[in-house]
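These are my notes on what I looked up in one structure. I began with the meaning of a term and then went through the entries in turn.

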Amino acid sequence: MKKLKFFMAKEKPYLNPSLTLLELSKKMNTSTKELSQAINQIEALNYSQFISRHRVEETQKLMKSESHNKLTIAAIAYDSGFNSISSFNMAFKKHTKTTAIAYRKSLKAQ
């Protein structure tokens with residue numbers, strides 16, 4: 001799992017909106033079953049949840065960056081690997097317990 005965390009941080013494969021478990025397992029040089037099992041057991045998430053969590057974390061980083069503060073939330077969501085606003089909104093709320101709009105407003109209030 002350490003190898004996967006390092007790979008996710010360094011290579012950011014989740015930025016690809018069409019990333020599949022098969023593609024990621026090939027990049028990790030492991031089977032889809034082993035990769036899925038590792039994510040399930042260690043992270044207590046399924047593959048989709050694992051990827052969306054990384055995308056949400058990327059969205060949060062981009063919202064904090066000066067280079068992205070003029071972009072719309074939708075543009076930032078697409079830059080983070082989401083391929084629809086509805087999936088982004090659901091994932092963001094699930095992983096942060098707040099909406100993207102509320103999160104962005106809280107950043108501006110700081």
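**Entry 1: the term.** I call a residue buried when its relative accessible area is under 20%, and exposed when that area is over 50%. I note also that the model is a predicted one.

**Entry 2: His68.** I looked up where His68 sits and found it in the loop between helix 4 and helix 5. Is His68 buried or exposed? Its relative accessible area is 17%, so I record His68 as buried. I then listed its contacts, leaving aside neighbours within four places in sequence: His68 touches Leu62, Ile76, Asp79 and Arg104.

**Entry 3: helix 7.** One of these contacts, Arg104, led me to helix 7, which spans residues 100-109. Which residues of helix 7 are buried? I found Ala100, Tyr103, Arg104 and Leu107. They lie on the same side of helix 7, because the arc they cover around the axis is only 95°. As general background, an α-helix has 3.6 residues a turn, so residues three or four places apart point the same way. On the face turned away from the buried side of helix 7, I noted the exposed residues Ile101, Lys105 and Ala109. I then checked what the buried residues of helix 7 pack against, and recorded helix 4, helix 5 (73-79) and helix 6.

**Entry 4: helix 2.** I repeated the search for helix 2, residues 21-28, where Leu24, Ser25 and Met28 are buried. Their arc around the axis is only 100°, which puts them on the same side of helix 2. Among the elements that cover these buried residues, I listed helix 1 (2-11), helix 3 (32-43) and helix 4. I also looked at what follows helix 2: there I found Asn29, with a positive phi near 60°.

**Entry 5: the largest pocket.** How much space lies in the largest pocket? I recorded about 280 Å³. Its lining comprises 15 residues, and those nearest the centre are Ser48, Ser52, Arg55, Phe82 and Ser87. I sorted the lining by class and obtained seven nonpolar, six polar and two charged residues. Which helices each supply at least two residues of this lining? I found helix 4 (47-64) and helix 6 (85-96). Helix 4 gives the largest share of the lining, with six residues.

**Entry 6: cross-reference.** Helix 4 recurs in my entries: it is packed against by the buried residues of helix 7, it helps to cover those of helix 2, and it contributes to the lining of the largest pocket.

Key
Residues numbered from 1 in each chain as written. Predicted model: local features only at pLDDT ≥ 70, side-chain atom pairs only at ≥ 80, totals over all residues. Heavy atoms only, no water. 1 Å grid on protein atoms, 1.4 Å probe; cavity = no way out; pocket = protein on both sides within 12 Å on 5 of 7 lines; lining within 4 Å. Points joined across faces, edges and corners; volume = space filled by probe spheres on them. Helix = DSSP H or I, 4+ residues; strand = E, 2+ residues; numbered from the N terminus. Nonpolar A, V, L, I, M, F, W, Y, C, P; charged D, E, K, R; others polar. Buried < 20%, exposed > 50% of the residue type's maximum accessible area, 1.4 Å probe, protein only. Arc of directions from axis to C-beta. Contact = heavy atoms within 4.5 Å.
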